[in-house]
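Trainee: I am new to this structure. Could we go through it together, beginning with how strands are matched?

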Amino acid sequence: MTTPTEQQLAHMLQAAWPAPSPRLGHKLASAPWTPRAVTRRRIATSLAVLAASLLLAASPQGRALAQSLFTYFVPAPATAFVLPPQPQGTLPATATLISEVAPSIQPTGFRRYRSIELAQSLVGFHIYHLAERPTGFLFREIGVHHDDGFIITRYDAAGGGGYLEIIQSTGPLPSSAWMEVPAEAIEKVSVAGLQGEYAQGHFVVYANATSAVWEPTSPIFRLRWGDGAHYFSIEKYGNMPAMTWLDKQAMIELAELLMTSQ
């Protein structure tokens, strides 16, 4: 045998190597590293993650996880709930009178007072309050749940049509199905360096309906935060002209002002 020359080697290789077929070209066009294949994989992955997230959110484990992500609002398990049966023949509760002076004995239960100073003299903890009433509002009253350490200071909108509540509690803020908020409607915020949460909307009942549904555009705005020992909520109901200045940022600034009260 003799060693082939370079020309002979080139001729042998050309004769031995098969020419690319159309089938090979089609396979290469759909290879996993092509841009089209990469895009298809990304879409499929996103859909799979979305489906898994929806299944998780609907499960008890998902609701527990949602609850753990928020501190002040209770995430609603759904955007609607069936109304509970209405009791028959129940008389309306008698409104609690507003006290002008301190009672003769240590008060218990829920009491309403005409001034913050009077309420402060009857509780053993500091009541956070604004030094001046917010623009466009008139002070109405302060309610004290003496047994629970729960305070509600209420201002009415000048001219009517809405009101503002400043809530303070020595424990977690109470909640019910009506007070819950869908997780996607809860926004994380910061109040004077403290963790807080903001939400707009409320559960409402339309005429002849048997269920309450979440209405994200309802003019109810809530800001909640806490310092570990106290929990707070500023809640604006309505959005009349005298109240429109109190948007999310203004509510945060009002909360920061509240925290500096003495």
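Mentor: Two strands count as a pair if DSSP finds at least two bridges between them. Please keep in mind that this is a predicted model.

Trainee: How many bridges join E7 to E8?

Mentor: There are 5 bridges between E7 and E8, and the two strands run antiparallel. In one of these contacts across the pair, Glu 187 has Tyr 198 in E8 as its bridge partner.

Trainee: What is the order of the strands in the sheet?

Mentor: The sheet is open, has 9 strands with mixed pairing, and follows the order E2-E3-E4-E5-E6-E12-E11-E8-E7. Strand E2 (98-99) and E7 are at the edges with a single partner strand each, so one side of each has no neighbour in the sheet.

Trainee: Which strands does helix H6 lie across?

Mentor: Helix H6, residues 248-259, lies across E6, E7, E8, E11 and E12, and runs at about 40 degrees to E11.

Trainee: Turning to the loops, where is Ala 192?

Mentor: Ala 192 is in the loop between strand E7 (187-191) and strand E8 (194-200). Its phi is positive, about 50 degrees, although it is not a glycine. Most residues other than glycine have a negative phi.

Trainee: And Asn 208, is that residue buried or exposed?

Mentor: Asn 208 is exposed, with a relative accessible area of 82%. It lies in the loop between strand E9 (202-204) and strand E10 (211-215), and its phi is also positive, near 65 degrees.

Trainee: Which residues form the nonpolar patch on the surface?

Mentor: Trp 178, Met 179 and Val 205 form it, with about 230 Å² of accessible area together. Trp 178 is partly exposed, at 33% relative accessible area.

Technical notes:
Residues are numbered from 1 along each chain as its sequence is written. This is a predicted model: local features need pLDDT of at least 70, side-chain atom pairs count only at pLDDT 80 or more; totals for chains, interfaces and linings use all residues. Side-chain values use heavy atoms; hydrogens and water are left out. Helices (H or I, at least four residues) and strands (E, at least two) are DSSP runs, numbered from the N terminus. Buried means under 20% relative accessible area, exposed over 50%, partly exposed in between (1.4 Å probe, protein chains only). Patches are made of residues with over 30% relative accessible area and no salt bridge: like charges are joined within 9 Å, nonpolar side chains (Val, Leu, Ile, Met, Phe, Trp, Tyr) within 5 Å. Accessible areas come from the Shrake-Rupley method with a 1.4 Å probe; for residues, only the protein chains shown count as cover. A salt bridge is a side-chain nitrogen of Lys or Arg within 4 Å of a carboxyl oxygen of Asp or Glu. Contact means heavy atoms within 4.5 Å. Axes are lines fitted to C-alpha atoms, for helices over the stretch in contact, and angles run from 0 to 180 degrees between N-to-C directions.
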